[in-house]
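Trainee: Could you take a close look at one part of this model for me, beginning with how its chain is paired locally and then turning to how its rings and its open space are arranged?

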Amino acid sequence: MSRIEQPEAMRLRLLAASDHDLSMAEALNVALQQVTADLGGLGGLVHWRDPGSDRLRLVAASGLAPELAGAWANLRAEEDVPPARALRSGAFVWVAEDSLGIGASGTAAVPLLGTSGRVGALSVLMAGPDEPDPAQRSFLGSVAVWAAGHLEKRHATPSGVVSAPGEPPAIDWPGREMPRAVAIRHWEYDAATGSVTFTQPVVIDMSGESLQAFDESADLCRHLPGIEDLPTFTADIREAYDSGTAHDTEYRVHHSDGTFGWVRARGHMVPGEDGTSAHMVGTLWGPAHPQATGDPAVAALRDMDEGFLAVDEDWRITFVNEEAERLLGPGRTMLGSALWDIPIGRTPGLEAQCRRASAERKPIGFDLHAPTDQRVRRVRLVPLQGGGLTIYFAGVTDERPEGADRSVGERSEMGVPPAGGWGRVAAGRTARMSELTAALAEAVTSSDVVKAVAERVLPPFGADGLVVNALEGGRLHVVGSVGYTEEFLRQISGISLTSHMAIAETLRTRTPGFVESPAEYVQLYPQFEGFVAASTKSAWAFLPLIASGHAIGCCVVSFSRPRSFSEEERTLLIALSGLIAQALDRARLYDVEHTRAQELQRSLLPRTLPSLPAVCAAARYMPAGKGEEVGGDWYDLIPLSGDRVAIVIGDVMGHGIAEAAVMGQLRTAVRALADLELSPDELLSHLNELVSYLGDDKYATCSYAVFDPVTRICSLSLAGHLPPVIVHPDGTVHSPELASDPPLGAAEPPFETHELHLPDESLLVFCTDGLVESATRDIDQGLAQLRQTLAKAVARPSYFPTGTQHGDTRRLDDLCDVIVSALLPDREQTNDDAVLLVAHTRGTPVDSVASCSLPDDPRAAGQAREYVRSQLAVWGLDDLTMTTELLVSELVGNVIRHASGPMRVRLLRSRSLICEVYDGSLTSPRIRRAAYTDEGGRGLHLVAALSQRWGTRHLDEGKCIWTEQDLPLAH
């Protein structure tokens, strides 16, 4: 006897030795186990030929789930399948294809040769790629002869081994005893009453042997209607009826000995006489063996060391074993629930893998990172025939034998656990997952997500292309990419989902797509030949991005050269896609909220700064480069009466929408208070009250300055803010040492007012602390750098325009860019927003200002008119003489009637003609509606009608009433 024959001989002796102790079911099970082990197969099948119907009926199966073997339960002898071909030919048959769709390389079948001829067939689904060798074929034939002889010894008809029509086949599970009988009860659901009624139970012989006593099944029969989850059973039936679908679920029952078992309910719709579905009928069945505590297959699954779930084609959980209950929670609370409704079902990557296994109809295995307890579990998915999936969970250890990676990958392809269990996992793969998980956890924006994927996913796979698409309104928008030209990205961004068939198919099935060459791409999608050429890529992995059960986009990983994708690579890419989807979904929510916040903040800031006769300015607002929220920095330039200008800059402490809203309130309040012509210290006092009213946790810094071009004095008050930096026309740069009051919300008025005398053509540079202060630079260092930058920038000859049209802001814009580049070279790394405001001041020429004092008596009106006539003649504004005389006469007359001296008139020639009347009273004139019988009260109506603007400005020693008139077009 050769060495190659020794194992087969030993297996035959083992079968012969145990022959007298085995029932038919046990004998067939042992035979299948031995022949499957010898040939290195996945599982085996035994079919018996029914002489009456010329059909092959499945009487035993080993190594296969019942639903998988159920596809071979009843075969016609003329079918082109291995068992039927072996029966017809009477010889060994080898078919090199995956008949069951479980990853088998082929099927070997031999006929069962009994004394009466060919009585059936024995088949083995092979794991390896090679056809069985002569020794294996010889052993297969010997076992077939042994099994045929064993079957012919039985007195009962072998056809009785299979289940009754419409019921599950009596197939066996590895290492478990087959149930001897099945107890069946029929049920009917009445939609009108919402109730379920049961018939009396019947027992069907499953072994071909007569039962010793009918009451052996009485325990199970008695409990068939007493389902522990009867309310759930009724609710499931009602739901199936309402949705018009079939029903197939398992339920738990208790036995009299204190154990429990499982029964299965199946049902279908029955149309009424009018063609509508009037009711639903079905069967309730389970193994009738009082000591087996239910179906031995169910018992084996219940007691196994791995967590086990079963889901139907609608992803509803139909079975939970004890280990799964320990890992995931009570089974009764999960039964009937959708897989995606339990915590483990929402783990990134699981849904995509489940849908892939269901679509490809083959088992797969992968590692799952559970977010609840941060544990890594090995998961095995096995599709069921006719729909549904079984899910196995196991913990992961850190140890792995050398060389085990390949065996795991190979065996996961077949749905078979590796040596040592599914708990062993590749350390490299786990490390990659951990690195990407950490990077995605830190990603804030969509750009951060794309960057993390490019750095952590592309190099390990040797990929050089990445496109992350977001699905919005049925169109694909490129969120980020690597390795593609701008022209190509413009072609694909914004196209409809239906136009991109590869991504559309990926998102429709929610399963990844792998294209290994351009030829394969064109073969699958011929209309995309031009697209393939433009992409310059030769292999693609299309990964659906599914978050919270919704398709949010697609991640495309591409390669410059054609390549194949191993199972390990596919599994890892699918798992990574779940992590990417969750991170992208979170990042896009942030992007939307952050964009809205920035739009809100920018809408509260000036769109443009006015160019005024006394001041022109340029500003920059720089939001924080990183962080999740906007800030409260703001600035403004407000024209006042008499060509004076208010310059405002401030910073609400903190970051967020609330701070941006407070900033908007303060800016609006400053504009309203500035219109009242309040002094800087008084304005900040009112602003301080507003901030205090907003809450004890609200604070803001503010600098409010008023520049008077006639006196060239800048009056300002500081509430916790930096003083401005002054640049003189000769290039001298200095920071005035001004004491600052506490911030708004913490200050106690009065505020101090500072006066700065500015030479003509000076620069005032205001900023917030975000410009000059950072984690690596204190505020003094930042201010010193600001002064140095200003000195260097204005050192160019003729930087300050003299005698040119004032208002040229281009140089100010250039100066802002220089300052920002010098002080904030890397905006992405800053944690605070910043504002820069550069104001160019210009005094009013002496020959454009005219003033005279008036006596405190009625003669003042006439003297004022005469002075106006003479001065306007000097300025060449004779066209405005009559109107200005009326205005001055009315304003002086009001002072004589209602106020007191001393009086003074001042005329300013600017972009408009400004006429000001000063007096020593603090009372303010106001317009009122005059009655028909009133002799006065109409003077201010005349002033408002004749002037472009008018108003009152309060002074320390009195007030000023002013008017503005547009100059003639010639001026």
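**From a hairpin to a ring cluster and a pocket**

Mentor: Leu 309 stands opposite Val 320 in E14, and this being a predicted model, every value that follows is computed from its atoms. The strands concerned are E13 (residues 307-311) and E14 (residues 317-320), which pair in the antiparallel sense over three bridges. Five residues lie between the strands of this hairpin, where Trp 315 takes a positive phi near 65 degrees.

The rings deserve the closest reading. A pair of aromatic rings is described by the distance of the centres and the angle of the planes. There are 11 aromatic pairs in the structure. In one of them, the ring centres of Tyr 484 and Phe 488 are 5.1 Å apart with 15 degrees between the planes, so this pair is stacked, given that planes under 30 degrees apart count as such. Both Tyr 484 and Phe 488 are buried. Phe 488 also pairs with Phe 531, here in a tilted arrangement, with 5.3 Å from centre to centre and 40 degrees between the planes. That second pair links distant parts of the chain, since Phe 488 belongs to helix H16 (residues 486-492) and Phe 531 to helix H19 (residues 529-535), 43 residues apart. The relative accessible area of Phe 488 is 4% and that of Phe 531 is 17%; buried means under 20%, so Phe 488 and Phe 531 both qualify.

These three rings belong to a cluster that ring pairs build from Tyr 484, Phe 488, Tyr 521, Tyr 525, Phe 528, Phe 531, Trp 540 and Phe 542. A charge is also placed against one member, for the charged end of Lys 537 sits over the ring of Tyr 484, 5.2 Å from its centre. In another such contact, the charged end of Arg 563 sits over the ring of Phe 565, 5.0 Å from the ring centre.

The open space can be followed in the second largest pocket, whose volume is about 920 Å³. Its lining counts 32 residues, with Arg 644, Arg 953, His 954, Leu 955 and Asp 956 lying nearest the centre. Among the elements that give two or more residues to this lining are helix H22 (680-694), strand E27 (713-719) and strand E36 (949-954), while E26 gives the most, with four residues. By character, the lining of this pocket divides into 12 nonpolar, seven polar and 13 charged residues.

Technical notes. Residues numbered from 1 in each chain as written. Predicted model: local features only at pLDDT ≥ 70, side-chain atom pairs only at ≥ 80, totals over all residues. Heavy atoms only, no water. Phe/Tyr/Trp six-rings, centres within 6.5 Å; stacked < 30°, edge-to-face > 60°. Buried < 20%, exposed > 50% of the residue type's maximum accessible area, 1.4 Å probe, protein only. Lys NZ or Arg CZ within 6 Å of the ring centre and 35° of its normal. 1 Å grid on protein atoms, 1.4 Å probe; cavity = no way out; pocket = protein on both sides within 12 Å on 5 of 7 lines; lining within 4 Å. Points joined across faces, edges and corners; volume = space filled by probe spheres on them. Nonpolar A, V, L, I, M, F, W, Y, C, P; charged D, E, K, R; others polar. Pairing = 2+ DSSP bridges.
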